[in-house]
Amino acid sequence: MRVDIISIFPEYFAPLDVSLVGKARERGTLDIRLHQLRDWTRDVHKTVDDTPYGGGPGMVMKPEIWGEAIDAVVEQGRPEADPAALPRMIVPTPSGRPFTQEVALDYAKEPWLLFTPARYEGIDSRVMAEYGSRLRVDEVSIGDYVLAGGEAAVLVIVEAVGRLLPGVLGNACSVADDSFAPGAMANLLEGPVYTKPPVWRGHEVPEILLSGHHGKIARWRRDEAFRRTSDKRPELLARLDSDALDAHDRRV
Ligand SMILES: N#Cc1c(-c2ccc3cc[nH]c3c2)n[nH]c1N
């Protein structure tokens, strides 16, 4: 997967050099390219923003700069084998559709993602209109709170998507066991986890986990996932299909 990120703070993405995503980059599974938006400015101050039409607080990011940057990055990034290839453009914004595990799975199928994290009050809306007619443009939000810019959201999205790519998690883990992953534990929060020692400061590991009885352990883990989901995110239980609810009810 090719990933291009255009930002006025490319240094914000240093964390993408470490851990799972960093290793995926070393192996070539992820090809992440960072671009400084200001490189496409033409004034001595490298201005990327201006006052909003209609008044109001803050500044808006200028469409010309973004347009030249996106055009250049798309042109540079086109694979020789497929000159017609275009990226899926992802615009983090508080007003976007929620970024969920389902969206991450969808993005993980894409060969090329282009992220355009904004600052100030956001990017002139004509940029999304211009590229919406040429690319698939997604405006997404990572949660109902307000950040100072889109860079943190890009870090979240790239990690959530990158870990889904083949070989990134390795054999020890599996995306199939994720909270919200399709399958038996779909839409359930992960339950508690334990490791050695069996007793720590008087806290004992649940005895069932030491029993070696894999069937009972699997049932216990699912019951714990149900209990935790019911306690912390009851609205997720509404997504469970009737078979899953019946299977749980049969045991309690
Ligand atoms: N995604 C997302 C966001 C943001 C966000 C994204 C871009 C900008 C540009 C200026 N301020 C921003 C906030 N806030 N909260 C979220 N879930």
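**Entry 1. Overall layout**

I began with the secondary structure and counted seven helices and nine strands in the chain. I note here that the model is predicted. For confidence, I looked up the mean pLDDT of the chain, which is 93, with 90% of the residues reaching 70 or more. The predictor gives the complex an ipTM of 0.99 and a pTM of 0.92.

I then took the extents along the principal axes: the C-alpha atoms fill a box of roughly 70 × 40 × 40 Å. The division of the chain is into domain 1, residues 2-162, and domain 2, residues 177-249. Between the C-alpha centres of domain 1 and domain 2 I find 36 Å.

**Entry 2. Burial and contacts across the chain**

I looked up how much of the chain is buried: 43% of its 252 residues. The accessible surface comes to about 14700 Å², and carbon and sulfur atoms account for 53% of that surface. Of the contacts between residues at least 6 apart in sequence, I find that 72% join residues at least 24 apart.

**Entry 3. Nonpolar cores**

Which residues have the most contacts inside the largest nonpolar core? I find Phe99, Tyr107, Phe115 and Val161, in a core of 27 residues. I traced the core to its secondary structure elements: strand 1 (2-7), helix 1 (19-27), helix 3 (101-107), strand 6 (112-115) and helix 5 (151-162) each supply at least two residues. Helix 5 gives the most, with six residues.

I followed Phe115 further. Leaving out residues up to four places away in sequence, Phe115 touches Val3, Asp4, Ile5, Ile6, Ile90, Val154, Ile157 and Val158. I also recorded a second, separate core of 24 residues, which includes Leu37, Ala69, Val91 and Tyr131. As background, nonpolar side chains tend to be buried together in soluble globular proteins.

**Entry 4. Thr116**

I turned next to Thr116, which is found in the loop between strand 6 and helix 4. Is Thr116 buried or exposed? Its relative accessibility is 0%, so I count Thr116 as buried. Apart from residues up to four places away in sequence, the contacts of Thr116 are Ile6, Trp66, Ile70, Met89, Ile90, Val91, Pro92 and Ile123. Ile6 and Ile90 appear in the contact list of Phe115 and again in that of Thr116.

**Entry 5. Salt bridges**

I counted 17 salt bridges, and examined three pairs.

Arg42 pairs with Glu68, and their closest N and O atoms are 2.8 Å apart. Arg42 sits in the loop between strand 2 (31-36) and strand 3 (49-50), while Glu68 belongs to helix 2 (residues 63-77); the two are 26 residues apart and link distant parts of the chain. Arg42 is exposed because its relative accessibility is 72%, whereas Glu68, at 31%, is partly exposed.

Arg134 pairs with Asp71, with 3.2 Å between the closest N and O atoms. This pair also links distant parts of the chain, 63 residues apart: Arg134 is in the loop between helix 4 (126-132) and strand 7 (136-141), and Asp71 is in helix 2. Both partners are partly exposed, Arg134 with a relative accessible area of 43% and Asp71 at 34%.

Arg88 pairs with Asp106, the closest N and O atoms being 3.0 Å apart. Arg88 lies in strand 5 (residues 88-98) and Asp106 in helix 3, so this bridge ties together parts that are 18 residues apart in sequence. How buried or exposed is Arg88? With a relative accessible area of 7%, Arg88 falls among the buried residues, whereas Asp106 is partly exposed at 28%. I then followed this pair outward and found a network of salt bridges linking Arg88, Arg97, Asp106, Glu110, Arg136 and Asp138.

**Entry 6. Backbone geometry**

I checked the peptide bonds and noted that the one from Lys196 to Pro197 is cis, with omega near 5°. Pro197 lies in the loop between helix 5 and strand 8 (199-200).

I also looked up positive phi values. Lys46, although not a glycine, has a phi of about 55°. Lys46 is placed in the loop between strand 2 and strand 3, and its relative accessible area of 40% makes it partly exposed. Tyr120, likewise not a glycine, has a positive phi of about 55°. Tyr120 is in the loop between strand 6 and helix 4 and counts as partly exposed at 35% relative accessibility.

Technical notes. Residues are numbered from 1 along each chain as its sequence is written. This is a predicted model: local features need pLDDT of at least 70, side-chain atom pairs count only at pLDDT 80 or more; totals for chains, interfaces and linings use all residues. Side-chain values use heavy atoms; hydrogens and water are left out. Domain bounds come from an automatic or database domain assignment. A nonpolar core is a set of buried Ala, Val, Leu, Ile, Met, Phe, Trp, Tyr and Cys residues joined through side-chain atoms within 4.5 Å. Buried means under 20% relative accessible area, exposed over 50%, partly exposed in between (1.4 Å probe, protein chains only). Helices (H or I, at least four residues) and strands (E, at least two) are DSSP runs, numbered from the N terminus. Contact means heavy atoms within 4.5 Å. A salt bridge is a side-chain nitrogen of Lys or Arg within 4 Å of a carboxyl oxygen of Asp or Glu. Accessible areas come from the Shrake-Rupley method with a 1.4 Å probe; for residues, only the protein chains shown count as cover. pLDDT is the predictor's confidence in each residue, from 0 to 100.
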